[in-house]
Amino acid sequence: MGRNLFGGWQSTSGHSVHEPKREGYDVAQVCMNGHMVNPASQASPEHNKSYCDTCGKKTITACQSCNTPIRGLFWGTYSASEPAPPNHCHQCGQPFPWTEAKQKAALELFAELLDLEQEQRDELARDLEAIAVDQPRTQVAALRLKRLIGKVGKEAAGMVRDIIVGIASDVAVKAIYPNQK
Ligand SMILES: [Zn+2]
Ligand SMILES: [Zn+2]
């Protein structure tokens, strides 16, 4: 006889579905522009990339100031949903490169649209930082920005809004755009 119907393959009973048993945060891999490349770089290293396939920038998995891993997917009691890259390091509070890049882009956009003087630019830079995290100055900074946004033309309003929503905290977004969700 000697027929070997299955080519000698014998499936073993144990299949290797790696269900993460851990609890807590996985480490996120994020590109310098803030694209979430892999929210679970520890549990699913096969999805890791050295460079972002969206924009081509280098990726990082830790804060560049203090080397703390960037928080990614949370393995826990509630179902894991893909998190957005954090704006600031939870350990040292430094803004991540993408946060600084977005604030800089917002600053340049306003400076271009409104022909701002240096003094106004400095104030705007502080306000953009203040709306990123909820703090005592957030509301007043948001109000000042709202006034500034009122001065940009209609065609730039959508662009400004996208940038602001990308860097502002929920509280600040509500203060600046109270009638929108
Ligand atoms: Zn990218
Ligand atoms: Zn840090």
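**Helix packing and loops in a predicted model**

Colleague: In which helix does D162 lie?
Modeller: The structure is a predicted model, and every statement here refers to that model. Helix α4 covers residues 154-167. The helix that contains D162 is therefore α4.

Colleague: Is D162 buried or exposed?
Modeller: Within 10 Å of D162 there are 10 other C-beta atoms. A residue counts as exposed if 12 or fewer such atoms lie within that distance. D162 is therefore classed as exposed.

Colleague: How many Å separate the C-alpha atoms of D162 and A106?
Modeller: Along the chain, D162 and A106 are 56 residues apart. D162 belongs to α4, while A106 is among the residues of α1 that meet α4. The separation of the two C-alpha atoms is 9.8 Å.

Colleague: Is α1 oblique or roughly antiparallel to α4?
Modeller: Two packed helices are described by the angle between their axes and the distance between the axes. For α1 and α4 the angle is about 155°, and the axes are 9 Å apart. An angle over 145 degrees counts as roughly antiparallel. The orientation of α1 to α4 is therefore roughly antiparallel.

Colleague: How many nonpolar residues does the contact of α1 with α4 hold?
Modeller: On the α1 side, the contact includes A105, A106, L109 and L113. On the α4 side, A156, M159, V160, I163, I164 and I167 are among the residues that take part. Besides the nonpolar residues, the contact has 3 polar and 1 charged. The number of nonpolar residues is 10.

Colleague: Is α1 oblique or roughly antiparallel to α2?
Modeller: Helix α1 spans residues 97-114 and helix α2 spans residues 118-130. They pack at an angle of about 140°, with their axes 10 Å apart. Since roughly antiparallel requires an angle over 145 degrees, the orientation of α1 to α2 is therefore oblique.

Colleague: Which residues of α2 meet α1?
Modeller: On the side of α1, the contact is formed by Q103, A106, L107, F110 and A111. The residues of this contact divide into 7 nonpolar, 1 polar and 2 charged. The residues on the side of α2 are R121, L124, A125, L128 and E129.

Colleague: Is the crossing of α1 and α2 left-handed or right-handed?
Modeller: Helix α1 packs against α2 and also against α4. The crossing of α1 with α4 is left-handed. The crossing of α1 and α2, by contrast, is right-handed.

Colleague: What is the phi of D115?
Modeller: Most residues other than glycine have a negative phi. D115 is found in the loop between α1 and α2, and with 8 C-beta neighbours inside 10 Å it counts as exposed. D115 is a residue other than glycine with a positive phi, and the value is near 55°.

Colleague: Which residue in the loop between β4 and β5 has a positive phi?
Modeller: Strand β5 covers residues 71-75. The residue asked for is exposed, with 11 other C-beta atoms within 10 Å. Its phi is about 70° although it is not a glycine. Its name is N67.

Colleague: Which residues, other than those up to four places away in sequence, does V133 touch?
Modeller: V133 is found in the loop between α2 and α3. It is partly exposed, with 17 other C-beta atoms within 10 Å. One of its partners is 36 residues away in sequence, with 5.7 Å from C-alpha to C-alpha. The residues that V133 touches are H88 and S169.

Colleague: Which residues, leaving aside neighbours within four places in sequence, are in contact with V171?
Modeller: V171 lies in helix α5, residues 170-176. It is partly exposed, with 15 other C-beta atoms within 10 Å. The C-alpha atoms of V171 and V133 are separated by 8.9 Å. The residues in contact with V171 are D134 and T138.

Colleague: Which strands are the edge strands of the open sheet?
Modeller: The sheet has 3 strands in the order β3-β2-β4, with antiparallel pairing. Between β2 and β3 there are 2 bridges, and Q29 has N38 in β3 as its bridge partner. An edge strand here pairs on one side only, and the edge strands are β3 and β4.

Definitions and conventions: Residues numbered from 1 in each chain as written. Chains lettered and ligands numbered in written order. Predicted model: local features only at pLDDT ≥ 70, side-chain atom pairs only at ≥ 80, totals over all residues. Axes fitted to C-alpha atoms, helices over the stretch in contact; angles between N-to-C directions. Helix = DSSP H or I, 4+ residues; strand = E, 2+ residues; numbered from the N terminus. Parallel < 35°, antiparallel > 145°, perpendicular 65-115°, else oblique. Left-handed = near helix turned anticlockwise from the far one by under 90°. Contact = placed C-beta atoms within 7 Å. Nonpolar A, V, L, I, M, F, W, Y, C, P; charged D, E, K, R; others polar. Pairing = 2+ DSSP bridges. Buried ≥ 20, exposed ≤ 12 C-beta atoms within 10 Å, placed from the backbone.
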